[in-house]
Amino acid sequence: FRNELPLHHEAFFQKLHFTDVQSDLSRFLASHPRETVIVRIQDEYNAAENSRTFLDTFLDLTSSSQDLYYNGRDGCNARLGELRGKVLLVWNHQGVPPYGAIGRNSGQIDIVDHWQRPAVNMFDRERFY
């Protein structure tokens, strides 16, 4: 939306943008350099008022923080030492994944996230106790 990447879960805006998460990731990894964070990127809501592609927007928003992302050989075969202090991207979008991301069509990773929201009556105490 407007060449930004607002975060949504389905149709619900999370009141955050990708740049907010990127700043938090940077701070976390600076404080915990032996950690690795895996982040899945996908276009989950309708784009509007953009003058560029999703990939171009992503690359623009990450251009000043490229060192934050693992940018080596294929992420599925990276050694933990290579990933420490980095974000490993799982790119669940069209096109060639940026940096050393694992692509959705790579055949090296299975993503299973088909989830049905249960019809639950929150006031049905017997169901929860």
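**View 1. Threonine 57 within helix 2.** Threonine 57 sits in helix 2, which spans residues 54-62; helices here are DSSP runs of H or I with at least four residues, strands are runs of E with at least two, and both are numbered from the N terminus. The model shown is predicted, so local features need pLDDT of at least 70 and side-chain atom pairs count only at pLDDT 80 or more, while totals for chains, interfaces and linings use all residues. Residues are numbered from 1 along each chain as its sequence is written, and side-chain values use heavy atoms, with hydrogens and water left out. With a relative accessible area of 3%, threonine 57 is buried. Buried means under 20% relative accessible area, exposed means over 50%, and partly exposed lies in between, using a 1.4 Å probe and protein chains only. Which residues does threonine 57 contact, leaving aside its neighbours within four places in sequence? They are Asn3, Glu4, Leu5 and Arg52, where contact means heavy atoms within 4.5 Å.

**View 2. The protein as a whole.** Stepping back for a moment, you will find four helices and five strands in the protein. Followed from the N terminus, these elements come in the order β-β-α-β-α-α-β-β-α. The protein has 129 residues, and 26% of them are buried. Take the contacts between residues at least 6 apart in sequence: 60% of these join residues at least 24 apart. About 9,200 Å² of the protein is exposed, with carbon and sulfur atoms supplying 49% of that area. Accessible areas come from the Shrake-Rupley method with a 1.4 Å probe, and for residues only the protein chains shown count as cover.

**View 3. Helix 1 packed with helix 2.** Two packed helices are described by the angle between their axes and the distance between the axes. Helix 1 covers residues 18-31, and its axis lies 11 Å from that of helix 2, at an angle of about 40°. Helix 1 is therefore oblique to helix 2. The axes are lines fitted to C-alpha atoms, for helices over the stretch in contact, and angles run from 0 to 180 degrees between N-to-C directions. Angles under 35 degrees count as roughly parallel, over 145 as roughly antiparallel, 65 to 115 as roughly perpendicular, and the rest as oblique. The two helices, helix 1 and helix 2, make a right-handed crossing; that is, the near helix is turned clockwise from the far one by less than a right angle, whereas anticlockwise would be left-handed. Where they meet, helix 1 brings Phe18, Thr19 and Gln22, and helix 2 brings Phe58, Leu61 and Thr62. What mix of residues makes up the contact of helix 1 with helix 2? Three are nonpolar, three are polar and none is charged. Here Ala, Val, Leu, Ile, Met, Phe, Trp, Tyr, Cys and Pro count as nonpolar, Asp, Glu, Lys and Arg as charged, and the others, Gly among them, as polar.

**View 4. Leucine 61 and aspartate 60 in helix 2.** Leucine 61 belongs to helix 2 and is buried, its relative accessible area being 13%. Not counting residues up to four places away in sequence, leucine 61 touches Glu4, Leu5, Thr19 and Gln22. From C-alpha to C-alpha, leucine 61 and phenylalanine 18 are 8.1 Å apart in space, though 43 residues apart in sequence. Aspartate 60 is also part of helix 2, but aspartate 60 is partly exposed at a relative accessible area of 41%. Its C-alpha atom is 9.4 Å from that of glutamate 4, and 56 residues separate aspartate 60 and glutamate 4 along the chain.

**View 5. Leucine 55 and glutamine 94.** Leucine 55 is a helix 2 residue and counts as partly exposed, at 23% relative accessibility. The C-alpha atoms of leucine 55 and glutamine 94 are separated by 8.5 Å, with the two positions 39 residues apart along the chain. Glutamine 94 lies in the loop between strand 4 (87-92) and strand 5 (102-103). Is glutamine 94 buried or exposed? At 58% relative accessibility, glutamine 94 counts as exposed.

**View 6. Lysine 15 in strand 2.** Lysine 15 has its place in strand 2, residues 12-17. Although lysine 15 is not a glycine, its phi is positive, at about 60°. Lysine 15 counts as exposed, with 71% relative accessibility.
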